[in-house]
Amino acid sequence: MTRMQVAPSVGVVDDGETVYVAAVPDGPILVLGGVSAVAWRGLAAGGVSAMAVAVAAATGAEVASIEADLVAFADDLRARGLVREQAD
């Protein structure tokens, strides 16, 4: 699966419960809580595969059953300019 990274000029604040993400300086701020926060942390740590493992561990779901939704989540973040594919 694709490795991702936080895009340049994106600010992230993670208070341990909620993750706040915004393109700086103009925003808007995206507020991620619950499973979305877990997904963000996994994505930022290593990409879609890490995100799937983190969400599966947090929810008890099988990776295969959540993979399509997580890819859509990552695609949405990319479309918003918040993450990008990591260069090798």
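Helices are DSSP runs of H or I with at least four residues, numbered from the N terminus, and the exercises below use such names for a structure that is a predicted model.

**Exercise 1. Locate the salt bridge between Asp75 and Arg78 in the fold, and state which further residue is linked to this pair in a network.**

Step 1. Asp75 and Arg78 both belong to helix α3, where they stand 3 residues apart, about one turn of the helix.

Step 2. Their side chains meet in a salt bridge, with an N to O distance of 2.9 Å.

Step 3. For the surroundings of the two residues, the limits are 20% and 50% relative accessible area, between which a residue counts as partly exposed. Asp75, at 39%, is therefore partly exposed, and Arg78, with 30%, is partly exposed as well.

Step 4. The further residue is Glu85, which is linked with Asp75 and Arg78 in a network of salt bridges.

**Exercise 2. Determine which elements the salt bridge between Arg41 and Asp14 ties together, and how many residues apart in sequence these parts are.**

Step 1. A search of the whole structure finds 4 salt bridges, and in the one formed by Arg41 with Asp14 the closest N and O atoms are 2.6 Å apart.

Step 2. Arg41 lies in helix α1 and Asp14 in strand β2, so the pair ties together parts that are 27 residues apart in sequence.

Step 3. Arg41 has a relative accessible area of 28% and is partly exposed, while Asp14 is partly exposed with 38%.

Step 4. Another salt bridge joins the side chains of Arg80 and Asp76, at 2.8 Å from N to O; Arg80 is partly exposed at 47% relative accessibility, and Asp76 is partly exposed at 34%.

**Exercise 3. Work out the strand order of the sheet and describe the connections between its strands.**

Step 1. The sheet is open and consists of 3 strands in the order β2-β3-β4, with antiparallel pairing. Its edge strands are β2 (10-14) and β4 (29-33), each of which pairs on one side only, and the twist averages 15 degrees from one strand to the next.

Step 2. Between β2 and β3 the antiparallel pairing extends over 5 bridges, and Asp14 stands opposite Val19 in β3. These two strands form a hairpin with 3 residues between them, and Gly16 in the turn has a positive phi of about 95 degrees.

Step 3. Strand β3 (residues 18-23) is joined to β4 by 5 bridges, again in the antiparallel sense. Tyr20 has Val31 in β4 as its bridge partner, and Ala22 is partnered there by Ile29. The hairpin of β3 and β4 has 5 residues between the strands, and Gly27 in this hairpin takes a positive phi near 70 degrees.

**Exercise 4. Describe how helix α1 is placed relative to the sheet and to helix α3, and decide whether α1 and α3 are roughly parallel or roughly perpendicular.**

Step 1. Helix α1 (residues 35-46) lies across β2, β3 and β4, and runs at about 105 degrees to β4.

Step 2. Against α3, helix α1 packs at an angle of about 75 degrees, with the two axes 11 Å apart. That makes α1 roughly perpendicular to α3, because angles from 65 to 115 degrees are classed in this way.

Step 3. The residues that meet are Ser36, Ala39, Trp40 and Leu43 in α1, and Leu70, Phe73, Ala74 and Leu77 in α3.

**Exercise 5. Identify the elements that contribute two or more residues to the largest nonpolar core, and examine the contacts of Leu32 and Gly42.**

Step 1. The largest nonpolar core has 23 residues, and those with the most contacts inside it include Val21, Leu32, Trp40 and Leu43. Two or more residues come from each of β3, β4, α1, α2 (48-59) and α3 (63-79).

Step 2. Beyond its neighbours within four places in sequence, Leu32 is in contact with Glu17, Thr18, Val19, Val21, Ala37, Trp40 and Phe73.

Step 3. Gly42 is found in helix α1 and counts as buried, because its relative accessibility is 6% and the limit for buried is under 20%. With residues up to four places away in sequence left out, Gly42 touches Gly47, Ala50, Met51 and Ala54.

Step 4. Gly42 and Glu17, which are 25 residues apart in sequence, have their C-alpha atoms 14 Å apart in space.

Technical notes. Residues are numbered from 1 along each chain as its sequence is written. This is a predicted model: local features need pLDDT of at least 70, side-chain atom pairs count only at pLDDT 80 or more; totals for chains, interfaces and linings use all residues. Side-chain values use heavy atoms; hydrogens and water are left out. Two strands pair if DSSP finds at least two bridges between them. Axes are lines fitted to C-alpha atoms, for helices over the stretch in contact, and angles run from 0 to 180 degrees between N-to-C directions. Contact means heavy atoms within 4.5 Å. Buried means under 20% relative accessible area, exposed over 50%, partly exposed in between (1.4 Å probe, protein chains only). A nonpolar core is a set of buried Ala, Val, Leu, Ile, Met, Phe, Trp, Tyr and Cys residues joined through side-chain atoms within 4.5 Å. Angles under 35 degrees count as roughly parallel, over 145 as roughly antiparallel, 65 to 115 as roughly perpendicular and the rest as oblique.
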